[in-house]
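Biologist: I would like to learn how to read a model of this kind feature by feature, with the general idea stated before the particular case. Could we go through it together?

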Amino acid sequence: MTFKYFDKPEIFVGFLDEKTTCDTCGEFTRCFDAEPFYGEETLAAVCPSCLEKGRLYGMDVYTCEGDFSELKRQLTERHPDLDENEIDAMAEEKTRELEKTTPHLVTWQDWLWPCADGDYCQFIGYGSRPLYNRLSRDFNGQALFESSLYYTLRDDSDADALWEEEMPRKEVRTYEESSRYSTLFYVFKSLHSDQIITTWDSD
Ligand SMILES: [Zn+2]
């Protein structure tokens, strides 16, 4: 299962333990836990199909928060021909799509969904040494990790220490495995290039 901004949510966040009634279509099926969603309206469960089809549009519910100002900055850079209103409209449309159709990523802290190349990135998994080594073209996972740190974290992250002390030695393949770590790395990929972005947090 893949969403535009979230690959394999059935593994990386999983469904509610039991089948239940989807709050937006009424079907009795596997659903995501909608309780951690943000906004004024509260939902208990939403099925993947409703999320993907945009059933949250028009509701005061969103599943994450995009880095809107950085997206606007990137779009302005990439589209010098467009005026501010056009940039705003493009950024707002992408942000709505992200926040309304993306499964909720369970994290220790709240942070903004990263963007690259004028779009939001796709979450592709939890960081680990084997994952970075595999994603790296020259088998230097540590260098890739360091260069992938999102701009918001660069000043406060000691990348060497994080790699040595906190980076999981084994793959973190599932949500259950991720919950064993008190520091987690969240790996994203640009939709438009090979660029990898990392955010991290701890409990
Ligand atoms: Zn549904």
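Biologist: How are helix 6 and helix 7 oriented to each other?

Modeller: An angle counts as oblique when it falls outside the ranges for roughly parallel, roughly antiparallel and roughly perpendicular, the last of which runs from 65 to 115 degrees, while roughly antiparallel begins over 145. In this predicted model, the axes of helix 6 (residues 141-148) and helix 7 (residues 159-166) cross at roughly 130° and come within 10 Å, and the two helices are therefore oblique to each other. Their crossing is right-handed.

Biologist: Which residues of helix 6 and helix 7 meet?

Modeller: On the side of helix 6 they are Gly141, Gln142, Phe145 and Glu146, and these meet Ala159, Asp160, Leu162 and Trp163 of helix 7. By character, the residues of this contact between helix 6 and helix 7 divide into four nonpolar, two polar and two charged.

Biologist: At roughly what angle do the axes of helix 3 and helix 4 cross?

Modeller: The axes of helix 3 (residues 68-78) and helix 4 (residues 84-101) cross at roughly 130°, and they come within 9 Å. That angle makes helix 3 oblique to helix 4, and helix 3 passes helix 4 in a right-handed crossing. Helix 3 brings Phe68, Leu71, Lys72, Leu75 and Thr76 to the contact, and helix 4 brings Ile87, Asp88, Met90, Ala91, Glu92, Lys94 and Thr95. Sorted by character, the residues of the contact of helix 3 with helix 4 are six nonpolar, two polar and four charged.

Biologist: Let us turn to the cysteines. How many disulfides does the structure hold?

Modeller: A disulfide is a covalent bond between the sulfur atoms of two cysteines. The structure holds zero disulfides. Cys64 is in no disulfide, and the nearest cysteine sulfur, which belongs to Cys115, is 12 Å away.

Biologist: Is Cys64 buried or exposed?

Modeller: Buried means under 20% relative accessible area, so Cys64, at 6% relative accessibility, counts as buried. Cys25, with a relative accessible area of 35%, is partly exposed.

Biologist: I also want to understand backbone angles. What is the phi of Lys8?

Modeller: Most residues other than glycine have a negative phi. Lys8 is not a glycine, and yet its phi is positive, at about 55°. Lys8 is placed in the loop between strand 2 (6-7) and helix 1 (9-12), where it counts as partly exposed at 36% relative accessibility. Asp117 is another residue other than glycine with a positive phi, near 55°, and it lies in the loop between strand 7 (115-116) and strand 8 (119-120).

Biologist: Separation in sequence and separation in space are easily confused. How many residues lie between Phe15 and Ala45 in numbering, and where is Phe15?

Modeller: Phe15 and Ala45 are 30 residues apart along the chain, while their C-alpha atoms are separated by 9.3 Å. Phe15 lies in the loop between helix 1 and strand 3 (20-21) and counts as partly exposed at 22% relative accessibility. Leaving out residues up to four places away in sequence, Phe15 touches Met1, Glu10, Arg30, Cys31, Phe32 and Pro48. In a similar exercise with Ser49, which lies in helix 2, Cys31 is 18 residues away in sequence and 9.2 Å away in space, C-alpha to C-alpha.

Biologist: How far apart are Asp60 and Asp81 in space?

Modeller: From C-alpha to C-alpha, Asp60 and Asp81 are 33 Å apart, with 21 residues of separation in sequence. Asp60 lies in the loop between helix 2 (48-53) and helix 3, and at 35% relative accessibility it counts as partly exposed. Setting aside residues up to four places away in sequence, Asp60 touches Tyr38, Gly39, Glu40 and Glu41.

Biologist: As a final case, which residues does Leu184 touch, not counting residues up to four places away in sequence?

Modeller: With that exclusion, Leu184 touches Trp108, Tyr126, Ser178, Thr199, Trp200 and Asp201. Leu184 has its place in strand 10 (residues 183-189), and at 6% relative accessibility it counts as buried. Leu184 and Glu146 are 38 residues apart in sequence and 15 Å apart in space, C-alpha to C-alpha.

Methods: Residues are numbered from 1 along each chain as its sequence is written. This is a predicted model: local features need pLDDT of at least 70, side-chain atom pairs count only at pLDDT 80 or more; totals for chains, interfaces and linings use all residues. Side-chain values use heavy atoms; hydrogens and water are left out. Axes are lines fitted to C-alpha atoms, for helices over the stretch in contact, and angles run from 0 to 180 degrees between N-to-C directions. Helices (H or I, at least four residues) and strands (E, at least two) are DSSP runs, numbered from the N terminus. Angles under 35 degrees count as roughly parallel, over 145 as roughly antiparallel, 65 to 115 as roughly perpendicular and the rest as oblique. A crossing is left-handed if the near helix is turned anticlockwise from the far one by less than a right angle, and right-handed if clockwise. Contact means heavy atoms within 4.5 Å. Ala, Val, Leu, Ile, Met, Phe, Trp, Tyr, Cys and Pro count as nonpolar, Asp, Glu, Lys and Arg as charged, and the others, Gly among them, as polar. A disulfide is a pair of cysteine sulfur atoms within 2.5 Å. Buried means under 20% relative accessible area, exposed over 50%, partly exposed in between (1.4 Å probe, protein chains only).
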